[in-house]
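Student: Hi! Could you walk me through this structure?
Tutor: Happy to. Here it is, so ask away.

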Amino acid sequence: MPRELITIQVGQCGNQVGTRFWNLALREHAAANPHGFFDEPLSSFFRNVDTRSDDPSEIPLGAGRTPIRALKARAVLVDMEEGVISQLERGPLAEIFDARQRVTSHAGAGNNWAHGYAVDGPRHAEELVDAVRRAAGFCDSLQCFSIIHSLGGGTGSGVGTYLLPLLADEFPDVFRFVTCLLPAADDDVITSPYNTLLALDQLIEHADCVLPADNGALASICTRAAKAGRPATGSAYGASGAPTVANGGDPHAKLRAFDEMNNVVGGLLANLTASMRFDGLLNVDLNEITTNLVPFPRMHFLLPAMAPLAMPRSAPSSSASIDAMFTEAFSKEALLLDVRRSATAIRPRCLAAAALVRGDVAISDVSRNLARLGPGLEMAHWNEAGFKVGLCRVPPAHQPRSLLCLFNSTAIGGVIDEHRSRFDRLYTRRAHLHHYTKYIEQEHVDSARANVMELIAEYNAVQSAHAPKAVEQPLGRAIPLR
C-alpha cells in the first residue's frame with residue numbers, strides 16, 4: 001500500500017522552495033515513468049484526477065497501469081500575501097495545485113512572528129484545518145506532513161509554527177517533518193532574531209523532526225558553483241544548461257540569487273523523499289529517519305549535507321567519482337547550515353547519522369566509504385556504528401547519482417546559540433519589542449528564550465559527556481551456558 005505525504009508550504013519562502021521541489025519531482029517521475037502511468041511512486045505525492053467537472057473526481061490507483069489524466073499535488077499552499085501564490089497560479093505548474101487547498105490573505109504579517117502566530121493563525125485556523133483535512137481525505141495511508149517555511153519573516157515563522165499544534169491535535173498519529181530556512185547573520189529584516197527564536201521555541205515543542213538550512217550556507221554553495229561555471233544542485237538548468245519548466249523554457253532567463261538558493265533546498269527535499277517516491281534496494285521513509293536519528297525527543301534537529309553540490313559536466317561512473325561524492329558530503333562545505341560559529345564546530349559529537357544514496361551506487365561502495373569516512377566522526381558512545389543507510393535506484397534530475405547525509409550533531413546547539421545571541425542583542429535593550437507585545441505577552445518571549453536555552457544546555461551536556469567505564473562481570477559470577 002502506498003504511503004502518502006502532504007506538503008504544507010507557508011509564506012513566500014515556503015512557497016518558492018515548494019515550487020522548486022515540485023518542479024524537480026515532476027522531472028524525476030517523468031524520467032522514471034516514460035509511459036505516463038499513474039503508479040505507486042506517483043501516488044505518494046500526487047493524485048490522478050478527471051478535470052472535466054468543476055470538482056475534479058479521483059481516479060483510483062488500481063494496478064498502477066492507469067494513464068495519467070491530470071496530476072494534483074498533495075499540497076496545501078499558505079501565505080498571508082497573495083503575491084507569490086498569484087505568481088504560481090500564472091506559472092507553468094499552476095495546474096498541479098488544488099485551488100481548494102490554498103489559504104491566502106491580503107494584509108501580510110509584516111515580518112512579525114507575533115502577528116502571524118497570534119493574529120493571522122487564529123483568524124485563518126478553520127480555513128487551514130479544512131484545507132489540510134481535504135488533502136488528507138484523499139489519502140489511504142497518510143504517513144507524514146512536510147512543512148516548508150522560513151523563520152526570519154512573519155508568515156512563515158508565525159503561521160508556520162501556529163500550524164504545528166493544530167496538526168498535532170487533528171492528526172496526532174501523523175509525523176510532522178519540518179524543513180526551515182534560518183536567516184543569515186546579515187539578514188535585512190531587523191527583527192528576524194525575534195522571529196527566529198520565537199519560532200524555534202515552537203519547533204522544539206511541536207515538530208517531530210527539523211531540517212534547518214540557512215541563507216549564508218546556501219549563498220556560499222551557489223557562489224562556489226557559479227565560480228566553477230556550473231549550476232548548483234537542483235537548478236532549473238540541467239548540466240548541459242538546457243532550460244526546464246522552472247524558467248519557462250527561456251535559455252536566457254537569469255534566476256535571482258534567492259532562486260538558486262531555493263533550488264538547492266528543493267534538491268534537498270527531492271533527495272529526502274526519493275525513497276518514498278521510488279523503489280530501491282534499501283528504502284528509507286521519513287518516519288524511519290525520525291525513529292533512527294532522534295534518540296531524544298527535543299533533540300530532533302538534523303544537519304543536512306549534500307553532494308554533489310554543483311551539476312556535473314559529465315556522468316562518470318568510476319568508483320573514484322563515487323568516493324569523491326562521499327568525501328564532499330562529509331566536508332563542512334557540503335552542509336546546508338553554517339556551523340563555523342558553533343562552539344562545538346571543531347569536534348562536534350554525532351548522536352546518529354544517515355546516508356541516503358541515489359543512482360548507480362552499489363551497497364559495497366556505500367559500505368566502503370562509510371568505513372573510510374565514518375571514523376572521522378565522533379559518534380556518541382551508545383551509537384558508535386549509528387549510520388542509517390538508504391539506497392534508491394532512481395537518480396536525481398540531470399545527475400547520475402547523489403548523496404544526502406543527515407547528522408544529528410551537537411553542532412546544532414552552537415548554531416541555535418548563535419541565533420539566541422542575536423536575539424539577546426535586541427532583547428537586552430528591548431529594541432522593537434513593542435511591535436511584539438501588541439499581540440503577545442512579554443512572558444511569552446521570556447518563556448521562549450528559556451526553552452531555547454534549555455535545549456542548548458541539553459546539546460552541551462551531550463557534547464561534554466564521557467563514556468562510562470566498562471563494568472566487567474567477575475568470572476566467578478558468570479552464568480554458565482548449558
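Student: Which residues touch the most other members of the largest nonpolar core?
Tutor: Ile-8, Trp-22, Phe-145, Leu-203, Ile-289 and Leu-406 do, in a core of 144 residues. A nonpolar core here is a set of buried Ala, Val, Leu, Ile, Met, Phe, Trp, Tyr and Cys residues joined through side-chain atoms within 4.5 Å. Buried means under 20% relative accessible area, exposed over 50%, and partly exposed in between, with a 1.4 Å probe and protein chains only.

Student: Anything I should know about the model itself?
Tutor: It is a predicted model, where local features need pLDDT of at least 70 and side-chain atom pairs count only at pLDDT 80 or more, while totals for chains, interfaces and linings use all residues. Residues are numbered from 1 along each chain as its sequence is written, and side-chain values use heavy atoms, with hydrogens and water left out.

Student: Which residues is Ile-8 in contact with, leaving aside neighbours within four places in sequence?
Tutor: Val-76, Val-78, Val-132, Phe-145, Ser-146, Ile-147, Ile-148, Leu-163 and Leu-167. Contact means heavy atoms within 4.5 Å.

Student: Val-76 and Val-78 are on S7, right? Why is that strand described as largely enclosed?
Tutor: Strand S7 (residues 75–79) is largely enclosed by the rest of the structure because 5 of its 5 residues are buried. Ala-75, Leu-77 and Asp-79 lie on one side, with Val-76 and Val-78 on the other, so both faces are covered. Strands are DSSP E runs of at least two residues and helices are H or I runs of at least four, numbered from the N terminus.

Student: What does S7 pair with?
Tutor: Strand S1 (residues 4–10) pairs with S7 in the parallel sense over 4 bridges, and Thr-7 stands opposite Ala-75. Strand S8 (residues 102–104) also pairs with S7 in the parallel sense, over 3 bridges, and Thr-104 in S8 is the bridge partner of Asp-79. Two strands pair if DSSP finds at least two bridges between them.

Student: And which strands form the open sheet with antiparallel pairing?
Tutor: That one has 3 strands, in the order S4-S3-S6. Its edge strands, S4 (57–58) and S6 (71–73), each pair on one side only. Strand S3 (residues 46–50) is joined to S4 by 2 bridges, and Asp-50 has Ser-57 in S4 as its bridge partner.

Student: Switching topic: how many aromatic pairs are there?
Tutor: A search of the whole structure finds 14. Rings of Phe, Tyr and Trp (its six-membered ring) pair if their centres lie within 6.5 Å; planes under 30 degrees apart count as stacked, over 60 as edge-to-face and the rest as tilted. Tyr-117 and Tyr-162 are edge-to-face, because their ring centres are 5.8 Å apart and their planes are at 80°. This pair links helix H4 (residues 113–123), which holds Tyr-117, to helix H6 (residues 155–170), which holds Tyr-162, 45 residues apart.

Student: Are those two tyrosines buried or exposed?
Tutor: Tyr-117 counts as buried at 17% relative accessibility, and Tyr-162 is buried too, at 16%.

Student: Which residues do ring pairs link into a cluster?
Tutor: Phe-21, Trp-22, Phe-45 and Phe-46.

Student: Last one: what does the side chain of Asp-259 make a polar contact with?
Tutor: The side chain of Arg-20, at 2.9 Å. A polar contact is a pair of N or O atoms within 3.5 Å; within protein, one must be able to donate a hydrogen and the other to accept it, and residues adjacent in sequence count only if both atoms are side-chain atoms. Asp-259 lies in helix H9 (residues 257–277) and counts as buried at 8% relative accessibility.
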